[in-house]
Amino acid sequence: MGTHSSMRAVGAILHRISNGASSKCSFNSFALSKNCLLSGNQFSSASSTSSWVHLYEVKYCNYQLRTIRTFPPVCMGRRSCKIAGRKGAQDAKKAKLYSRMGKEVISAVKKGGPSSISNTVLAAVLEKAKELDVPKDILERNIKRATEKGQEAYIEKIYEVYGYGGVSMVVEVLTDKINRSVASVREVVKDYGGKMADPGSVMFKFRRVRVVNIKVTDADKDQLLAIALDAGAEDVIEPPVYEDDTDEDRSESYYKIVSSAENYPAILSKLREERIMFETDNGSELLPISTIEADEEAMDLNKELMSKLLELDDVDAVYTDQK
């Protein structure tokens, strides 16, 4: 994490100063200098074209920050990076769902035993897992794991975070070690330029709903609107559209059918009847009441912060009001 932390530190300084923070650095026409951030003698580079590794000594106003190494991105071009990012996000979301359901199974077994006949809490969790298409072997594996010595029950926690450009985030955690989870979240937020918010400072900007995700290539909006109306859904949200999107980009986008918990099973049933492929949520999602439009640099920094938070084992979901 050290290398990434260093790179984020530089990115954070770039963003904050380029958006109005004062600087006493003398102006220089160095290529990376924006609003007097870095001058030619403050940012030196030694690179080898054969090694593909760049070494940077970063100084700010004559104070040396650190030396960092950077590597080229794996994706071949912006377009493939965008598509790979979307596909990776969907895979990661499914993995997080399976992880969360496993944790809920363990907690249920800890409370009332491994039998779903006598343990009504476990029975409810297994029914929910069936609705969400969680593989049976994952459930059985975690029922067995819950009976092992030393395995503790999982506790749900919510952390609120301020990102870049006025954007807010909510981090949902299900953990068997509270101290570990809060330390990990705080470390990532600090390293990637965010700020922990006080409880209640962010949550009021979101509402909790059930969501079904449908790839745009599997159904059109009129068809989904008809299903939503018939099944009692609240809304159908179209995927965001960007100026440089291609047909390939759009094919990796998703509609969202928003629903109350009561009407959610009816929507899933209707989609199955129409033979429309869909992806469920992880039990519920937080949707922003209104969205914040950040500049491109802030968006990239926020995405990086969210990505690193989602890499933590204890984190089940990260929600944002970024548009």
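This section describes the fold of one protein in a predicted model.

The protein has 323 residues, and 41% of them count as buried. Nine helices and twelve strands are found along the chain. Contacts often link distant parts of the sequence: among those between residues at least 6 apart, 69% join residues at least 24 apart.

Confidence varies along the chain. The average pLDDT is 76, and 70% of the residues score at least 70. Strand β6 (residues 195-197) has the highest confidence, at 96. Strand β1 (residues 43-48) has the lowest, with a mean of 37. Over residues 20-85 the pLDDT is below 50. Beyond near neighbours in sequence, that stretch still has 108 contacts in the model.

Four strands form an open sheet. Their order is β6-β4-β5-β12, and the pairing is antiparallel. Strands β6 and β12 (315-320) are the edges, as each pairs on one side only. On average, neighbouring strands of this sheet are turned by 30° against each other, direction ignored. In general, strands of a sheet pair through backbone hydrogen bonds.

The pairings can be followed across the sheet, beginning at β6. Three bridges join β6 to β4, and the two strands run antiparallel. Within this pairing, Y162 has K195 in β6 as its bridge partner. Next comes the pairing of β4 with β5, also antiparallel, with eight bridges. Here K157 stands opposite V173 in β5. These two strands form a hairpin with five residues between them. In that hairpin, G165 takes a positive phi near 65°. At the other edge, five bridges join β5 (residues 168-175) to β12, again antiparallel. The bridge partner of V173 in β12 is V315. V173 therefore takes part in two pairings: K157 stands opposite V173, and V315 in β12 is the bridge partner of V173.Two helices lie across strands of this sheet. Helix α5 (residues 178-191) lies across β4 (155-162), β5, β6 and β12. It runs at about 15° to β4. Helix α9 (residues 296-310) lies across β4, β5 and β12. Its direction is at about 160° to β12.

Strand β5 also holds M169. Is M169 buried or exposed? Its relative accessible area is 0%, so M169 counts as buried. Leaving aside neighbours within four places in sequence, M169 is in contact with residues including Y159, E160 and V161. Other contacts of M169 include N302, L305 and M306. V318, Y319 and T320 are also among them. V202 is a further contact of M169. The two residues are 33 apart along the chain, and their C-alpha atoms are separated by 7.1 Å.

A charged residue can be buried too, as E285 shows. E285 is found in strand β11 (residues 285-288). Its relative accessibility is 6%, and the cut-off for buried is under 20%, so E285 counts as buried. Leaving aside neighbours within four places in sequence, E285 is in contact with K93, R207, R208 and K256, among others. V209, V211, N213 and Y319 are also contacts of E285. Y319 is in contact with M169 as well.

Aromatic rings were examined next. How many aromatic pairs does a search of the whole structure find? The search finds zero. One ring does have a charge over it: the charged end of R210 sits over the ring of Y264. The distance to the centre of that ring is 3.7 Å.

Two loop residues have a positive phi without being glycine. One is D133, with phi near 60°. D133 is found in the loop between α3 (120-131) and α4 (136-146). Its relative accessibility is 47%, so D133 counts as partly exposed. The other is R275, with a phi of about 55°. R275 has its place in the loop between α8 (264-273) and β10 (279-280). At 79% relative accessibility, R275 counts as exposed.

Note on methods. Residues are numbered from 1 along each chain as its sequence is written. This is a predicted model: local features need pLDDT of at least 70, side-chain atom pairs count only at pLDDT 80 or more; totals for chains, interfaces and linings use all residues. Side-chain values use heavy atoms; hydrogens and water are left out. pLDDT is the predictor's confidence in each residue, from 0 to 100. Contact means heavy atoms within 4.5 Å. Two strands pair if DSSP finds at least two bridges between them. Axes are lines fitted to C-alpha atoms, for helices over the stretch in contact, and angles run from 0 to 180 degrees between N-to-C directions. Rings of Phe, Tyr and Trp (its six-membered ring) pair if their centres lie within 6.5 Å; planes under 30 degrees apart count as stacked, over 60 as edge-to-face and the rest as tilted. A charge sits over a ring if NZ of Lys or CZ of Arg is within 6 Å of the ring centre and within 35 degrees of the ring normal. Buried means under 20% relative accessible area, exposed over 50%, partly exposed in between (1.4 Å probe, protein chains only).
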